[in-house]
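Here is a small set of exercises to work through with the structure open beside you. Try each task yourself before you read its solution.

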Amino acid sequence: MKIEFLNPFNNTCFSHPNKYWLNHVSEIILILESLNNLGFRFNEKYSNSFALFHDLGKLCSRWQDYLLGKDKKVKHSGLSAFLTFKFLKEGKPEWLKELLERFAVPSNFSEKEKRILTYLILLHHSDIKTLSREVDPTYRDFFDDDILNYLKFSYEEDFNKFTKEMDTVSSPLELQKSEAKNFLDSFAAFKIGDTISSSFKRNLRNEEIPKLLYRFGIDNIDVELTPTLVKSLLISIGSEVDEKRLKEQTRFLEQKVNILVAPTGFGKTTFSIFKGINRNKRLIITLPTITAINQFLNRTKTVIKELGYFSEFI
């Protein structure tokens, strides 16, 4: 039996039914960017690496045959981890170099980082409790027997190095607390992206992704409205910018308790909205009429849209 690993640029490669492999990776990266915009903090170097490497095993000709109904389903997480290990340790094919550059994934990992990244990709279909177990020494949890035998025979030296490295990792939690948090926060963010992307058996449009996050309940807008950003927002939504008045308006955003009394045209409505989204505050808005409510709602949608969020769902 021979296993061929395909170049995703030269071949039609799928990650899931009706979803191209390259699209799946791109969707996860875009979801990670949106999560970061929403205030979720993680190490993009690690999360983007998980996104790019976690399904390398699906570039195997056997997986592609499975999706086309020509073969049985094969386990891919072991193949993904093995290829990650091999590519991080040795030279990378040209197509992977192009993807590393496209998705801003660095290749200058320390030996410890390479080991933990590979380990987490090996277990990327596991839950957090499983991450602290020892890997089955037969590796049959991660490889089909025929593929396992093929790798042992055709890539004997590389595969022995791979299993030896994985056997030394009992868990990413063996790291120092700050290191473990860095890896696991990034792994969790990647898992959110992977789950959302793979739940759609079609290729997503880029503009869909922020809206999808809202549908999935991820709606934590966390924006710090600096004077520069406030000025930019005012211009974007067609409001007049008065430099003298701008100082008073931004001071209103910084105060903890406010009673705002100002003449018509000051920007009370707009800055009430700004107050709510600045550093993720919660506000209760009361208005006297349905007309006033609709006006406030439309204004809110305009501001939120300019920030790049999902105004259609407000």
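Asparagine 18 is found in the loop between strand E1 (14-16) and strand E2 (19-20), where strands are DSSP runs (E) of at least two residues, helices are DSSP runs (H or I) of at least four, and both are numbered from the N terminus. The model is predicted, so local features need pLDDT of at least 70 and side-chain atom pairs count only at pLDDT 80 or more, while totals for chains, interfaces and linings use all residues. Residues are numbered from 1 along each chain as its sequence is written, and side-chain values use heavy atoms, with hydrogens and water left out.

**Exercise 1. Two loop residues**

Task: find the phi of asparagine 18 and of alanine 104, and decide whether asparagine 18 is buried or exposed.

Solution.
- Start with the background: most residues other than glycine have a negative phi.
- Asparagine 18 has a positive phi, near 65°.
- Its relative accessibility is 56%, so asparagine 18 counts as exposed (buried is under 20% relative accessible area, exposed over 50%, partly exposed in between, with a 1.4 Å probe and protein chains only).
- Now go to the loop between helix H5 (94-102) and helix H6 (111-122), which holds alanine 104.
- The phi of alanine 104 is positive too, near 55°, and with a relative accessible area of 57% this residue is exposed.

**Exercise 2. Helices H1 and H2**

Task: work out how H1 is oriented relative to H2, and which residues make the contact.

Solution.
- Take the axes of H1 (residues 21-37) and H2 (residues 44-53): they come within 9 Å and cross at roughly 155°. Axes are lines fitted to C-alpha atoms over the stretch in contact, and angles run from 0 to 180 degrees between N-to-C directions.
- That angle makes H1 roughly antiparallel to H2 (under 35 degrees is roughly parallel, over 145 roughly antiparallel, 65 to 115 roughly perpendicular, the rest oblique).
- H1 contributes Trp21, Val25, Ile28, Ile29, Leu32 and Asn36, and H2 contributes Glu44, Ser47, Asn48, Ala51 and Leu52; contact means heavy atoms within 4.5 Å.
- Finish on H1 with serine 34, which counts as buried at 12% relative accessibility. Not counting residues up to four places away in sequence, serine 34 touches Ile209, Pro210 and Leu213.

**Exercise 3. Threonine 250 and its surroundings**

Task: which residues are in contact with threonine 250, leaving aside neighbours within four places in sequence, and how are H11 and H13 oriented to each other?

Solution.
- Locate threonine 250 in helix H12 (residues 243-254); it is buried, with a relative accessible area of 10%.
- Beyond those sequence neighbours, threonine 250 is in contact with Pro227, Val230 and Phe271.
- Next, look at phenylalanine 274: it is 24 residues from threonine 250 in sequence and 9.5 Å away in space, C-alpha to C-alpha.
- Turn to H11 (residues 227-236) and H13 (residues 268-277), whose axes come within 12 Å and cross at roughly 130°. The two helices are therefore oblique to each other.
- Val230, Leu233 and Leu234 of H11 meet Thr270, Phe271 and Phe274 of H13.

**Exercise 4. The whole chain**

Task: how many helices and strands does the protein have, and what percentage of its residues count as buried?

Solution.
- The secondary structure comes to 14 helices and 2 strands.
- Of the 314 residues, 47% count as buried.
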